[in-house]
Amino acid sequence: MNPVYYLYLAALLFAIGACGVLIRRNVIVLFMCIELMLNACNLALVTFSRMHGNLDGQIVAFFVMVVAAAEVVVGLAIIVSLFRSRHSASVDDASLMKL
């Protein structure tokens, strides 16, 4: 299969994630769209790595996945605390938590 198709898929996934971040107001949906964008970047990194015949892109993609997993833990904790205090998962309610 041609590697260009993987790059088209990565661009499509990134565009869907970016549209979701710009349009939606729910924190959980925003969080999933950011993860979708990170996975699109990982797909592009692995594709370029495969095209050039080295493992550098795959190693960077692995570290991006590790950082994304840590982000999920912290982000979900923030979302749960926001939901418990405001009984809503809206981005507009998150701005009310400022001191």
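A helix here is a DSSP run of H or I with at least four residues, numbered from the N terminus, and its expected span is 1.5 Å times one less than its number of residues. This is a predicted model, where local features need pLDDT of at least 70, side-chain atom pairs count only at pLDDT 80 or more, and totals for chains, interfaces and linings use all residues. Residues are numbered from 1 along each chain as its sequence is written, and side-chain values use heavy atoms, with hydrogens and water left out.

**Exercise 1.** Work out how the reach of H2 compares with its expected span, then look at both ends.

*Solution.* Start with the count: H2 runs over residues 27–52, which is 26 residues. From first C-alpha to last, H2 reaches 38 Å, close to the 38 Å expected. Now the start: a side-chain oxygen of Asn26 comes to within 3.4 Å of the backbone nitrogen of Ile28. After H2 comes Gly53, with a positive phi near 80°.

**Exercise 2.** Find out how many disulfides the structure holds, and why Cys19 has no such bond to Cys33.

*Solution.* Set the cut-off: a disulfide is a pair of cysteine sulfur atoms within 2.5 Å. The structure holds zero of them. For Cys19, the closest cysteine sulfur is in Cys33, 9.1 Å away, so that's too far for a bond. Cys41 also has Cys33 as its closest cysteine sulfur, at 14 Å, again too far.

Next, check accessibility (buried is under 20% relative accessible area, exposed over 50%, partly exposed in between, with a 1.4 Å probe and protein chains only). Cys19, at 43%, is partly exposed, and Cys41, at 35%, is partly exposed. Cys33 is among the buried residues of H2.

Definitions and conventions:
Helix = DSSP H or I, 4+ residues; strand = E, 2+ residues; numbered from the N terminus. Polar contact = N/O pair within 3.5 Å; in protein donor to acceptor, adjacent residues only side chain to side chain.
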